[in-house]
Amino acid sequence: MKTLRRILLIILCFVLVVIATGFLLPRRIHVERKSVLSASPKTIFDQVNTLKNWVKWSPLLQMDPNTKIVLSGSESGIGSTLAWVSDDKNIGKGSISIISNVSPDSIEVVYDFAEKGKSTGKFLFSPEHQNTNV
């Protein structure tokens, strides 16, 4: 009986440590990627601002050729939405919506991964010699 109590106490302590660790983790995560492209900021802005173009270059949308894609809202800019559904569990279902844009400087989007949650993303375009830093 003493051994059983000791095992239950150890399990309880472990559970409390896991819960306490969860409270110490940050609520927000920041991930940043940069790339220099050989095109003008306006050209790249127009490419990103039109969601139907994302099918050509988005790694997520290219992973499964059977992904079903639905475009809604305006053709480009604020209010345009691209939704996808895939049988691949790594892709699942979700949507991308443009929520703000400042031509040709920036575009902000919301990614909705359904039950996995939402996140926001921002594209910044700055000229760098003959190229654009994205």
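Helices (H or I, at least four residues) and strands (E, at least two) are DSSP runs, numbered from the N terminus. On that basis, P104 is placed in the loop between β4 and β5. The structure described in this report is a predicted model.

## The largest pocket

The largest pocket has a volume of about 1,500 Å³. Its lining consists of 33 residues, and those that lie nearest the centre of the pocket are V31, Y111, G121, K122 and F123. Two or more lining residues come from each of the elements α2 (41–49), α3 (54–57), α4 (59–62), β5 (106–112) and β6 (118–124). Strand β6 supplies the largest share, namely seven residues. By type, the lining divides into 16 nonpolar, ten polar and seven charged residues.

V31, one of the residues nearest the pocket centre, is situated in the loop between α1 and β1. V31 is exposed, because its relative accessible area of 63% is over the 50% limit. Its C-alpha atom is separated by 9.3 Å from that of G121, although the two residues are 90 residues apart along the chain. G121 is likewise among the residues nearest the pocket centre.

I29 also belongs to the loop between α1 (2–24) and β1 (36–37). With a relative accessible area of 74%, I29 is exposed. The C-alpha atoms of I29 and S119 are separated by 9.8 Å, and these residues are 90 residues apart along the chain.

## The largest nonpolar core

In soluble globular proteins, nonpolar side chains tend to be buried together. The largest nonpolar core of this model has 16 residues, and the members that touch the most others are V48, W54, I96, I107, V109, F123 and F125. The elements α2, β3 (81–85), β4 (93–102) and β5 each give two or more residues to this core.

V109 offers a detailed view of the surroundings of one core member. Leaving aside residues up to four places away in sequence, V109 touches W54, I96, S97, I98, I99, S119, T120, G121 and F123. Of these contacts, W54, I96 and F123 are also listed among the core members that touch the most others.

## Aromatic residues

The structure holds six aromatic pairs. In one of them, the ring centres of Y111 and F113 are 6.0 Å apart and the planes lie at 5 degrees, so this pair is stacked. The rings of F123 and F125 form another stacked pair, because their centres are 6.5 Å apart and their planes lie at 5 degrees. F123 and F125 also join F45, W54 and W57 in one aromatic cluster.

Which of the four residues in these two stacked pairs are buried, and which are partly exposed? The table gives the relative accessible area of each.

| Residue | Relative accessible area | Class |
|---|---|---|
| Y111 | 19% | buried |
| F113 | 26% | partly exposed |
| F123 | 16% | buried |
| F125 | 4% | buried |

Y111 counts as buried because 19% is under the 20% limit. F113, at 26%, is partly exposed because its value falls between the limits of 20% and 50%. Y111 and F123 are both among the residues that lie nearest the centre of the largest pocket, and F123 is also listed among the core residues that touch the most other members.

## Backbone features in the loops

Three loops contain backbone details of note. The peptide bond from S103 to P104 is cis, with omega near -10 degrees. As stated at the outset, P104 is found in the loop between β4 and β5.

A114 has a positive phi of about 55 degrees although it is not a glycine. Its place is the loop between β5 and β6. A114 is partly exposed, with a relative accessibility of 32%.

H129 is not a glycine either, and its phi is positive at about 60 degrees. This residue is located in the loop between β7 (126–128) and β8 (131–133). H129 counts as exposed because its relative accessibility of 78% is over 50%.

Definitions and conventions
Residues are numbered from 1 along each chain as its sequence is written. This is a predicted model: local features need pLDDT of at least 70, side-chain atom pairs count only at pLDDT 80 or more; totals for chains, interfaces and linings use all residues. Side-chain values use heavy atoms; hydrogens and water are left out. On a 1 Å grid over the protein atoms alone, a cavity is a set of points where a 1.4 Å probe fits but cannot get out, and a pocket is an open set with protein on both sides within 12 Å along at least five of seven lines; lining residues have an atom within 4 Å of a point. Grid points are joined across faces, edges and corners, and a volume is the space filled by probe spheres set on the points. Ala, Val, Leu, Ile, Met, Phe, Trp, Tyr, Cys and Pro count as nonpolar, Asp, Glu, Lys and Arg as charged, and the others, Gly among them, as polar. A nonpolar core is a set of buried Ala, Val, Leu, Ile, Met, Phe, Trp, Tyr and Cys residues joined through side-chain atoms within 4.5 Å. Buried means under 20% relative accessible area, exposed over 50%, partly exposed in between (1.4 Å probe, protein chains only). Contact means heavy atoms within 4.5 Å. Rings of Phe, Tyr and Trp (its six-membered ring) pair if their centres lie within 6.5 Å; planes under 30 degrees apart count as stacked, over 60 as edge-to-face and the rest as tilted.
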